[in-house]
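This report looks at how two helices pack and at the charged side chains where they meet. The sequence and the model are shown first.

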Amino acid sequence: MQVEEVKARIQAGIENAEVFPEGEGCSFQVVVVSDAFNGMTPVKKQQLVYSCLADKIADGSIHALTIKAYTPAQWQNINA
């Protein structure tokens with residue numbers, strides 16, 4: 001898989017998501033920022049991101065995935 005495919009799959013599955021992927025081969029790290037995460041627990045945020053890539057995780061195309069998921073307000077606080 002390529003980072004652009006990871007980014008496209010997450011953006012297709014989470015409305016108005018900003019996605020910052022890194023990695024190569026079968027190991028990726030993603031930062032995802034979206035209003036869709038408002039009111040979600042950290043686990044629910046990760047589950048939403050995983051759901052966008054579940055088939056690629058299941059078939060082994062993605063072996064390792066590190067997720068950091070933030071609301072826009074959380075992202076702004078981190079980068080302030």
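## Helix packing and a salt-bridge network

In this predicted model, arginine 9 has a relative accessibility of 24% and therefore counts as partly exposed, the range for that class starting at 20% and ending at 50%. Glutamate 5, at 33%, is partly exposed, and aspartate 55, with a relative accessible area of 42%, is also partly exposed.

The salt-bridge count comes to 2. The pairs are listed below.

| Salt bridge | N to O distance |
|---|---|
| Glutamate 5 – arginine 9 | 3.6 Å |
| Arginine 9 – aspartate 55 | 2.9 Å |

Arginine 9 belongs to helix 1 and aspartate 55 to helix 2, so this pair ties together parts that are 46 residues apart in sequence. Glutamate 5 and arginine 9, by contrast, both sit in helix 1, 4 residues apart, or about one turn of the helix. Glu5, Arg9 and Asp55 are thereby linked in a network of salt bridges.

The packing of the helices themselves is as follows. Helix 1 covers residues 3-13 and helix 2 residues 42-58; their axes are 8 Å apart and form an angle of about 130 degrees. That angle makes helix 1 oblique to helix 2. The crossing of the two helices is right-handed.

On the side of helix 1, the contact is made by Glu5, Val6, Arg9, Ile10 and Gly13; on the side of helix 2, by Val49, Cys52, Leu53, Asp55 and Lys56. By class, the residues of this contact comprise 5 nonpolar, 1 polar and 4 charged.

Methods: Residues numbered from 1 in each chain as written. Predicted model: local features only at pLDDT ≥ 70, side-chain atom pairs only at ≥ 80, totals over all residues. Heavy atoms only, no water. Axes fitted to C-alpha atoms, helices over the stretch in contact; angles between N-to-C directions. Parallel < 35°, antiparallel > 145°, perpendicular 65-115°, else oblique. Left-handed = near helix turned anticlockwise from the far one by under 90°. Contact = heavy atoms within 4.5 Å. Nonpolar A, V, L, I, M, F, W, Y, C, P; charged D, E, K, R; others polar. Salt bridge = Lys/Arg side-chain N within 4 Å of Asp/Glu carboxyl O. Buried < 20%, exposed > 50% of the residue type's maximum accessible area, 1.4 Å probe, protein only.
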